[in-house]
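Me: Could you walk me through this structure, one question at a time? I'd like to see the reasoning behind each reply.

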Amino acid sequence: MTQVDVIVIGAGAAGLMCAAQAGYRGRSVTVLDMGKKPGRKILISGGGRCNFTNENASPENYLCGNPHFVKSCLSRYTQHDFIELVDRHGLAYHHKTLGQLFCDNSAQDIVDILLTECEWAGVNIALRNEVLRVEKMDTGYLVSTEQGAFCCESLVVAAGGLTMPKLGATPIGYKIAEQFGLKVLPTMAALVPFTLHQHDKDRFEGLSGISIPCIVSSEDGTRFKENILFTHRGLSGPAILQISSFWRAGQAVTINLLPELDLKAQLATWRETQAQKSLKNSLATILPKRFIEILHESKAIPDCNVNQLTHSQIDELANYIHNWQIKPNGTEGYRTAEVTLGGVDTDELSSKTFEAKKSQGLYFIGEVTDVTGWLGGYNFQYAWSCGFAAGQYC
């Protein structure tokens, strides 16, 4: 049996961050992971370039049953702290829209930084080592794995959520929480593309690859202004991924297809400047032609010239374009989702240390907890912040 001060289950973003911090405090730390290499989700994130934080990260960018829970960790280890860390390691990165930061070269650079920090802190990383069970002992915890048993004072569960099962996602983190009496909130795929009902899928199947800048709203009033993307399965793109975290089965989403333009005013201008032009051709100058053709074929757009529109038709058309409603059939699920919504109830954890209130020495961090960030580097920032916080105490 191997005796260490701290066992971290999961060699992902939060787990590696926590391990390094604990190691720097002089704690002996072993990270257990069933995968062949560490940081597997980091490696495929951001198209392989890892959107590793967001300059605008704040508590308002997170969904959590307790909206105040993330304030402590985000304030104690900010996006600026992580940027300072990668700067010290000489990471080449660039700024993109909406505060997003990406690696210039590869997401491997972020994994290498974390592994270097772990090496400097004396952390041992044991890969291909699946955790079979966890037991409470008088002096801490006994963790049984495929490669033997480990005994530790502090056990940090950073096992991730259910997203991307091909990368080895399992529910072990939730099972450990339930084993020790912690409440686990229902989980669902988030930051995930929508699938459409068959009639809408058939209707829009020719639009795959077409992108439209929009404002997308959920039934609870949440709005995101970004692009939507038609796919062969349904709808994706940043705005759809964002709103998916706020959508529930059976609900519709409302899409303003022309957020920068008042269509009624545009129609009035066209009546003066191109009155004899067909409405379809006029609209095809401000929205994708193939999309307008499909709306025209389904009689959502009147078959007439601009000057033939009645006042009621103008009102109806403007309302349709600015408030286009579509009811998704569902989502693509955990297979393509970026994060898991729900998880270990944060009311069960200390917001300062991430220690379970019911079990001394047991910590839960990262995606396994009921904290879900927006798209755009926010989930990585939560991983760095909660990993840092737990690493000061475990």
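Me: How far apart do the end C-alpha atoms of residues 189-339 lie?
Reply: Happy to start there, and please keep in mind that this is a predicted model. Residues 189-339 are covered by the UniProt annotation "domain: RsdA/BaiN/AoA(So)-like insert", which comes from an unreviewed entry. The span is 34% helix and 23% strand, and the distance between its end C-alpha atoms is 6 Å.

Me: Which strands stand at the edges of the open sheet of seven strands, each with a single partner strand?
Reply: The sheet pairs in an antiparallel way and has the order E17-E16-E13-E14-E15-E12-E18. A strand with a single partner has one side left without a neighbour in the sheet, so the edge strands are E17 (324-326) and E18 (328-331).

Me: By how many degrees are neighbouring strands of this sheet turned against each other on average?
Reply: Here the direction of the strands is ignored. On that basis, the average turn between neighbours in this sheet is 40 degrees.

Me: Which residue in E15 does Leu229 stand opposite?
Reply: Strand E14 covers residues 223-230 and strand E15 residues 234-236. The two run antiparallel and are joined by two bridges. Opposite Leu229, in E15, stands Ser236.

Me: How far apart are the end C-alpha atoms of helix H12?
Reply: Helix H12 has twelve residues, 311-322, and at 1.5 Å a residue it should span 16 Å. The distance in the model agrees with that expectation, because the end C-alpha atoms are separated by 17 Å.

Me: What arc around the axis do the buried residues of H12 cover?
Reply: The buried residues of this helix are Ile314, Leu317, Ala318, Ile321 and His322. In an α-helix there are 3.6 residues a turn, so residues three or four places apart point the same way. The buried residues of H12 are on the same side of the helix, because their arc is only 115 degrees.

Me: Which strands and helices do the buried residues of H12 pack against?
Reply: Among the partners are two strands of the open sheet, E16 and E17. In full, the buried residues of H12 pack against strand E16 (253-256), strand E17, helix H9 (263-273), helix H10 (279-283) and helix H11 (289-297).

Me: Is Ala57 buried or exposed?
Reply: Ala57 lies in the loop between strand E3 (51-54) and strand E4 (62-64). Apart from neighbours within four places in sequence, Ala57 has contacts with Tyr62, Gln79, Tyr378 and Gln381. The relative accessibility of Ala57 is 13%, and the cut-off for buried is under 20%. Ala57 therefore counts as buried.

Me: How far apart in space are Ala57 and Gln100, C-alpha to C-alpha?
Reply: In sequence, 43 residues separate Ala57 and Gln100. In space, their C-alpha to C-alpha distance is 9.7 Å.

Me: What percentage of the residues in the chain is buried?
Reply: The chain has 13 helices and 21 strands, and its C-alpha atoms fill a box of roughly 85 × 40 × 35 Å along the principal axes. Among contacts with a separation of 6 or more, 73% come from residues 24 or more positions apart. Of the 394 residues in the chain, the buried share is 54%.

Me: How many of the residues of strand E9 are buried?
Reply: Strand E9 (residues 140-145) is joined by six bridges to E8 (residues 131-137) and by five bridges to E10 (residues 148-157), antiparallel in both pairings. E9 forms a hairpin with E8 and another with E10, with two residues between the strands in each. E9 is mostly covered, and its buried count is six of six.

Me: Which residue in E10 does Val143 stand opposite?
Reply: On the E8 side of E9, Val131 has Thr145 as its bridge partner. On the E10 side, the residue opposite Val143 is Phe150.

Me: What is the relative accessible area of Thr30?
Reply: Thr30 is in strand E2, where it is the bridge partner of Ile7; four bridges join E2 to E1, and the two run parallel. Thr30 and Leu32 point one way from E2 while Val29 and Val31 point the other way, all of them buried. Leaving out residues up to four places away in sequence, Thr30 touches Val4, Val6, Ile7, Val8, Asn124, Ala126 and Phe150. Thr30 counts as buried because its relative accessible area is 3%.

How values were computed: Residues are numbered from 1 along each chain as its sequence is written. This is a predicted model: local features need pLDDT of at least 70, side-chain atom pairs count only at pLDDT 80 or more; totals for chains, interfaces and linings use all residues. Side-chain values use heavy atoms; hydrogens and water are left out. UniProt positions are given in the numbering used here, feature names are shortened, and annotations may be inferred rather than shown by experiment. Two strands pair if DSSP finds at least two bridges between them. Axes are lines fitted to C-alpha atoms, for helices over the stretch in contact, and angles run from 0 to 180 degrees between N-to-C directions. The expected span of a helix is 1.5 Å times one less than its number of residues. Buried means under 20% relative accessible area, exposed over 50%, partly exposed in between (1.4 Å probe, protein chains only). The arc is that of the directions from the helix axis to the C-beta atoms. Contact means heavy atoms within 4.5 Å.
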